Amino acid sequence: MKTRIGVLYGGKSPEHKVSLQTAKAVMNAIDKEKFDVTPIYITTEGKWVKGERLTGEVEDIKQLELKSEVNAILPVALNKAAAPATTEESEEAVDVIFPLLHGPNGEDGTVQGLLELLNIPYVGNGVLGSAAGMDKVIMKNLFAQAGLNQAKYVWFIKNDWKENAAAAYAKVEKELGYPCFVKPANAGSSVGISKCKNRQDLEAAFIEAFKYDRKIIIEEAIVGREIEIGVIGNDKPICSVVGEIIPKKEFYDYQAKYEDGDTELIIPADVTEEQYETIKQMAITAFKALDLCGLVRADFFLTKDGVIYINEVNTMPGFTPFSMFPLLWKHTGVSYPELIERLVQLAIERHQEKQTITYTF
């Protein structure tokens with residue numbers, strides 16, 4: 001019997017469009033001989049819509065923008081996945097959910113918490129790992145506790161900034177200096193990120209970043225190569241080869257990632273064996289420090305002096321065949337369809353382990 005996968009995508013997030021691109025790629029790559037696929041779309045307003053079981057290729061992402069007036073469901077309806085085979089619902093049930101949600105309201109532990117309550121197996125990181133990986137401030141605090149080398153940073157809440165903006169700018173200049181990067185604490189795909197070279201840039205960057213979150217983080221600029229590595233697994237994570245990003249712009253922004261394609265990816269990256277081992281061990285340390293599982297992409301800076309800084313981890317990295325994470329695994333010997341299958345199996349294994357936990361006393 002085929003494993004029935006519900007692909008969950010869209011979402012009330014600035015990265016809604018990115019999620020659609022990812023979902024299209026995954027749905028077309030899944031081995032239909034092994035898996036049945038059902039689209040589950042979350043609109044930009046947060047409505048959940050269940051589509052018909054997939055029978056062919058998805059040719060355009062517009063096909064994935066399902067109309068909520070037709071097949072809208074309440075999220076709680078997903079617990080039909082546990083329905084007995086004798087019930088009418090069994091035909092529409094799924095065995096595992098594959099969340100392909102990027103950014104807030106999907107990658108941050110919110111959906112993962114819902115799926116935990118519904119006791120449905122799902123691909124990727126759990127509630128804690130997703131939330132910690134999404135919030136760059138919490139993530140970096142945990143990295144610091146784990147002893148990982150990283151850039152200096154400061155952070156602010158929107159209300160505190162409003163009350164004394166001048167003090168916030170002065171703190172950045174005193175502790176970090178220029179250039180520096182301003183980012184929303186809870187956003188991905190380089191949404192809302194600015195590079196600042198002076199006070200005027202900094203003021204504009206605060207305004208831009210606060211559009212996307214109530215908390216922002218400011219980091220010192222590290223001059224170095226941008227190196228990335230993929231990690232998959234549960235309790236025993238393994239790493240891919242490393243890759244390097246060479247953006248044609250000053251930094252790897254949203255447009256460079258998803259629109260103009262004007263960025264060079266080098267896989268495998270030209271690093272020494274010692275540097276690779278250091279990056280690999282730092283990635284696994286970060287994976288365990290945030291209690292991650294399933295998949296993660298860890299991003300680093302490598303300076304000309306050979307110093308390695310961890311930048312961040314992405315708990316739901318770009319997942320099209322042309323994204324860095326699948327490409328890293330392709331060069332490691334794991335094809336795109338094989339990678340999807342492995343992640344589904346990891347989700348089922350983790351779920352099965354949780355069923356052995358005693359919840360009564």
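Here a colleague asks a modeller how the labels put on this predicted structure are justified.

Colleague: What should I know about the model before we start?

Modeller: It is a predicted model, in which local features need pLDDT of at least 70, side-chain atom pairs count only at pLDDT 80 or more, and totals for chains, interfaces and linings use all residues. Residues are numbered from 1 along each chain as its sequence is written, and side-chain values use heavy atoms, with hydrogens and water left out.

Colleague: Let's begin with the cysteines. How many disulfides does the structure hold?

Modeller: The structure holds 0 disulfides. In C196, for instance, the sulfur has that of C180 as its nearest cysteine sulfur, 4.6 Å away. A disulfide is a pair of cysteine sulfur atoms within 2.5 Å, so C196 is in no disulfide.

Colleague: Why is C239 not bonded to C293?

Modeller: The sulfur of C293 is the closest cysteine sulfur to that of C239, but they are 15 Å apart, which is too far for a bond.

Colleague: Why is C196 called buried?

Modeller: Buried means under 20% relative accessible area, exposed means over 50%, and partly exposed is in between (1.4 Å probe, protein chains only). C196 has 0% relative accessibility, so it counts as buried. C239, at 13%, counts as buried too.

Colleague: Now the salt bridges. What makes K183 and E219 a salt bridge?

Modeller: The term stands for a side-chain nitrogen of Lys or Arg within 4 Å of a carboxyl oxygen of Asp or Glu. In K183 and E219 the closest N and O atoms are 3.0 Å apart, so the pair fits the definition. This pair links distant parts of the chain, with K183 in strand β7 and E219 in strand β9 (residues 215-220), 36 residues apart. Both K183 and E219 are buried. A search of the whole structure finds 14 salt bridges.

Colleague: How do you know where a strand or a helix runs?

Modeller: Helices (H or I, at least four residues) and strands (E, at least two) are DSSP runs, numbered from the N terminus.

Colleague: What makes R225 and E244 a salt bridge?

Modeller: Their closest N and O atoms are 2.9 Å apart. R225 sits in strand β10 (residues 225-233) and E244 in strand β11 (residues 238-247), 19 residues apart.

Colleague: Why is R225 called partly exposed?

Modeller: R225 has 29% relative accessibility, so it counts as partly exposed. Its partner E244, at 9%, counts as buried.

Colleague: And how far apart are the closest N and O atoms of R297 and E228?

Modeller: They are 3.2 Å apart, and the two residues form a salt bridge. R297 belongs to strand β13 and E228 to strand β10, 69 residues apart. R297 is buried, because its relative accessible area is 9%, and E228 counts as buried at 5%. Elsewhere, salt bridges that share partners join K2, D36 and R53 into one network.

Colleague: Which residues gather in a patch of negative charge?

Modeller: E57, E59, D60 and E65 do, on the surface. Patches are made of residues with over 30% relative accessible area and no salt bridge; like charges are joined within 9 Å, and nonpolar side chains (Val, Leu, Ile, Met, Phe, Trp, Tyr) within 5 Å. Asp and Glu count as negative, so these residues fit the label. E57 lies in the loop between β3 (48-50) and α2 (68-71).

Colleague: Which peptide bonds are cis?

Modeller: One joins Y178 and P179, with omega about -5°, and P179 lies in the loop between α7 (165-175) and β7 (180-184). Another runs from I267 to P268, with omega near -5°, and P268 is in the loop between β12 (263-266) and α10 (273-289).

Colleague: What is phi of N105?

Modeller: It is about 65°, a positive value although N105 is not a glycine. N105 lies in the loop between β5 (96-99) and α3 (110-117). Its relative accessible area is 37%, so N105 is partly exposed. D291, also not a glycine, has a positive phi near 55°, and D291 lies in the loop between α10 and β13 (294-302).

Terms used
Accessible areas come from the Shrake-Rupley method with a 1.4 Å probe; for residues, only the protein chains shown count as cover. The place of a charge is taken as NZ of Lys, CZ of Arg, CG of Asp or CD of Glu.
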